[in-house]
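Let us walk through this chain one contact at a time. Keep the sequence and the model side by side as you read.

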Amino acid sequence: MFEVKVRFSNLELVERLKMAVSDIGAKAARRWASRFEEVLKASAPRRTGRLRRMLRVEAVGDVVTVGGPGYLAYLVSGVKPHMIYPRKASVLRLEVEGEVVYAKRVSHPGFPPQPFFTRSLERSLRLLPAMIMEVLGGA
């Protein structure tokens with residue numbers, strides 16, 4: 001009778017498991033990131049279209065990052081009321097109803113977080129279990 005025994009150290013077994021899970025996570029993250037970008041762009045505010053054009057969702061390994069214009073963080077988290085002061089001049093120059101107005105400071109009223117990001121994230125997260133199952137089925 002022929003017998004083969006294979007022994008793994010616990011450390012080697014843990015590393016192999018970690019690599020397998022990481023690979024599954026990376027594949028699922030890539031699929032999910034692509035879908036999340038579609039959902040995010042579809043629900044983004046449309047005023048000029050700049051936000052939609054600049055939104056990017058990328059998966060590197062099993063980490064998903066969202067990038068966009070500099071004001072994206074303000075849209076997502078909102079802005080508290082604050083004063084705006086001139087930086088390089090002694091006054092601010094504004095156009096109000098077609099007329100030029102000068103001011104030493106302006107009170108910005110702030111605005112609440114825009115819900116498009118959170119709603120898109122919630123909608124897309126519902127798809128993640130199915131995407132993980134697809135990756136597991138194809139593995």
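Begin with Glu-97, which is exposed because its relative accessibility is 80%, well past the 50% cut-off. This is a predicted model, so all that follows describes computed geometry. Glu-97 sits in the loop between strand S4 (92-96) and strand S5 (99-103). Its backbone deserves a look. The phi of Glu-97 is near 50 degrees, a positive value in a residue other than glycine. Most residues other than glycine have a negative phi.

Follow the chain into strand S5, where Tyr-102 is found. Tyr-102 has a relative accessible area of 56%, so this residue counts as exposed. Tyr-102 also belongs to a nonpolar surface patch. Its partners there are Val-91 and Val-100, and the patch covers about 270 Å².

Now turn to the charged pairs. The structure holds 4 salt bridges. One of them joins Arg-31 to Glu-134, with the closest N and O atoms 2.7 Å apart. This pair links distant parts of the chain. Arg-31 belongs to helix H1 (residues 10-43), while Glu-134 belongs to helix H5 (residues 128-138). In sequence they are 103 residues apart. Is each partner buried or exposed? Arg-31 is partly exposed, at 40% relative accessibility. Glu-134 is partly exposed too, with a relative accessible area of 47%.

Two further salt bridges stay inside helix H1. In one, the side chains of Arg-35 and Glu-38 meet at 3.0 Å, N to O. Why can these two be described as one turn apart? Arg-35 and Glu-38 are 3 residues apart in helix H1, so about one helical turn separates them. Glu-38 is partly exposed, with a relative accessible area of 46%. Arg-35 is partly exposed as well, at 34% relative accessibility.

The other bridge within the helix pairs Glu-37 with Lys-41, at 3.1 Å from N to O. Both residues lie in helix H1, and their spacing is 4 residues, about one turn of the helix. Lys-41 has a relative accessible area of 23% and is partly exposed. That value clears the 20% limit under which a residue would be buried.

Next come the aromatic rings. The count comes to 3 aromatic pairs. One of them is formed by Phe-36 and Phe-117, whose ring centres are 5.9 Å apart. Their planes meet at 80 degrees, so the pair is edge-to-face, since the cut-off for that label is over 60. Where do the two rings sit? Phe-36 lies in helix H1 and Phe-117 in helix H4 (residues 116-125), so the pair ties together parts that are 81 residues apart in sequence. Phe-36 is buried, at 1% relative accessibility. Phe-117 is also buried, with a relative accessible area of 17%.

Phe-117 has another ring partner, Phe-116. This pair is edge-to-face as well, with 6.5 Å from centre to centre and 90 degrees between the planes. Phe-116 counts as buried, because its relative accessibility is 6%. Which residues make up the aromatic cluster? Trp-32, Phe-36, Phe-116 and Phe-117 form one cluster.

Look back along helix H1 to finish. Arg-31 of this helix reaches helix H5 through a salt bridge with Glu-134. Phe-36 of this helix meets Phe-117 of helix H4 through an aromatic pair.

Definitions and conventions. Residues are numbered from 1 along each chain as its sequence is written. This is a predicted model: local features need pLDDT of at least 70, side-chain atom pairs count only at pLDDT 80 or more; totals for chains, interfaces and linings use all residues. Side-chain values use heavy atoms; hydrogens and water are left out. Buried means under 20% relative accessible area, exposed over 50%, partly exposed in between (1.4 Å probe, protein chains only). Patches are made of residues with over 30% relative accessible area and no salt bridge: like charges are joined within 9 Å, nonpolar side chains (Val, Leu, Ile, Met, Phe, Trp, Tyr) within 5 Å. Accessible areas come from the Shrake-Rupley method with a 1.4 Å probe; for residues, only the protein chains shown count as cover. Rings of Phe, Tyr and Trp (its six-membered ring) pair if their centres lie within 6.5 Å; planes under 30 degrees apart count as stacked, over 60 as edge-to-face and the rest as tilted.
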